[in-house]
Amino acid sequence: IDRDDDPLISEDKSIALFSGGDTGSRSNVIDKVSITQGGNAVDFGDLSAARNFVGSTSNQNYLLTFGGAEADGSGNKLNTIEFNNFHTGGVAGDFGNLTNKRENQSGVSSNTRGVMGAGHEGPAHTNIIDFITYASHGNATDFGDDTVSRLSYGTAESPTRGLFAGGYSPSNQNVISYITIASAGNATDFGDLSASARGQTGTSSVTRGVFAGGNNPGKLDVIEYVTIATTGNVTDFGNLQSGTSSPEGASNKTRGTFAGGNDGSLTNTIDVITIATTGNATNFGDLTVARIHHGGASNGHGGL
């Protein structure tokens with residue numbers, strides 16, 4: 001299913017999908033944008049049920065949406081992994097299950113393997129990292145542990161490495177850790193963000209990881225970057241259009257988008273940057289509905 005000549009793989013490697021989340025109530029809606037073209041999102045399909053605090057990851061074929069909650073309460077976390085094909089749209093299908101029920105996590109991937117990190121398993125935070133192989137539908141397998149138990153953090157990836165940045169555990173964090181996606185094992189310290197915060201998002205080219213937004217406790221407009229192949233602290237990139245907590249990032253290796261979140265109220269705004277340069281984000285378009293605690297990924301990100 002992951003061969004380049006597979007007819008179910010979209011030739012457009014610039015599709016970003018944003019799934020589920022909270023619009024004032026839980027949502028099952030999946031939005032689609034073209035990162036190359038820009039403009040407002042259009043309806044793509046649906047999750048099998050409305051849920052928020054979901055995580056997501058993707059390869060060139062599949063968007064995976066995992067975990068989250070369909071109802072309030074610490075006992076209502078999910079271990080569900082669902083998939084949508086970037087080419088066909090429609091209602092998400094069952095892929096398998098995480099190793100434990102959790103919410104407010106994120107993921108990184110290569111074209112072969114998706115890795116789901118940390119999150120909140122209720123009532124505790126967790127440092128558990130799982131992985132799946134895209135070509136084999138089934139349950140996730142234990143990958144290792146993050147350097148810190150955390151939720152609400154940003155991620156970025158190259159084809160080799162995955163980065164986890166910031167988050168909450170049980171105070172705001174500035175820690176960036178990394179894994180080698182092809183080799184299961186515990187995460188290693190990479191460096192630090194400029195400030196401790198939660199609610200960041202991330203995106204990447206094959207060489208540069210970019211982290212944006214957050215809350216510490218005010219809404220942050222900061223955008224920062226690292227060179228993924230090295231280790232070290234972030235460098236200033238620029239600013240979002242406004243301070244925003246918990247947007248979702250997606251890229252086509254060249255352009256990075258940051259969609260939705262809370263900038264004082266729920267927002268449908270999508271910001272865009274050029275990853276190889278530095279500078280402030282500009283307007284890209286709007287989601288179909290304002291939302292937070294959603295998933296976001298593309299079929300052409302820095303890990304592919």
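These are my notebook entries on salt bridges, one threonine and some backbone geometry in a predicted model.

**Entry 1. Salt bridges**

I searched the whole structure for salt bridges and got 7. I looked up three pairs and one network.

The pair D72 and R26 came up with a distance of 2.5 Å from N to O. I then asked which parts of the chain this pair ties together. D72 sits in the loop between strand 5 (62-66) and strand 6 (80-85), and R26 in the loop between strand 1 (15-19) and strand 2 (27-34), so the salt bridge joins parts that are 46 residues apart in sequence. I also checked the accessibility of both partners. D72 has 63% relative accessibility and is exposed. R26 has a relative accessible area of 25%, which makes R26 partly exposed.

Next I looked at R51 and E70, whose side chains form a salt bridge at 2.8 Å, N to O. This pair also links distant parts of the chain, with R51 in strand 3 (residues 42-51) and E70 in the loop between strand 5 and strand 6, 19 residues apart. Are the two partners buried or exposed? R51 is buried at a relative accessible area of 2%, while E70 is partly exposed at 39%. I noted that the pair belongs to a network of salt bridges made up of R51, E70 and E82.

The third pair was D146 and R150, where the closest N and O atoms are 2.9 Å apart. Both D146 and R150 are buried.

**Entry 2. T201**

I wanted to know where T201 lies and what surrounds T201. The residue is in strand 17 (residues 201-204). T201 is buried because its relative accessible area of 4% is under the 20% cut-off.

A polar atom of the T201 side chain lies 2.8 Å from the backbone nitrogen of G249. Leaving out residues up to four places away in sequence, I listed the contacts of T201 as G154, V210, F211, A212, P247, E248, G249 and F258. G249 is thus on the contact list as well as in the 2.8 Å pair with the side chain.

**Entry 3. Cis peptide bonds**

Before going through the backbone I wrote down the usual case: most peptide bonds are trans, and most residues other than glycine have a negative phi.

I looked at two bonds that lead into a proline. The bond from S169 to P170 is cis, with omega near -25°. P170 is in the loop between strand 14 (161-165) and strand 15 (173-180). The bond from N216 to P217 is also cis, with omega near 0°. P217 is in the loop between strand 18 (208-212) and strand 19 (222-227).

**Entry 4. Positive phi**

Which phi value does N104 have? Phi of N104 is positive, about 60°, although the residue is not a glycine. N104 belongs to the loop between strand 8 (93-97) and strand 9 (106-109). With a relative accessible area of 15%, N104 is buried.

S246 is another residue other than glycine with a positive phi, near 60°. Where does S246 lie? I found S246 in the loop between strand 20 (235-239) and strand 21 (248-251). S246 counts as buried, at 11% relative accessibility.

Note on methods:
Residues numbered from 1 in each chain as written. Predicted model: local features only at pLDDT ≥ 70, side-chain atom pairs only at ≥ 80, totals over all residues. Heavy atoms only, no water. Salt bridge = Lys/Arg side-chain N within 4 Å of Asp/Glu carboxyl O. Helix = DSSP H or I, 4+ residues; strand = E, 2+ residues; numbered from the N terminus. Buried < 20%, exposed > 50% of the residue type's maximum accessible area, 1.4 Å probe, protein only. Polar contact = N/O pair within 3.5 Å; in protein donor to acceptor, adjacent residues only side chain to side chain. Contact = heavy atoms within 4.5 Å.
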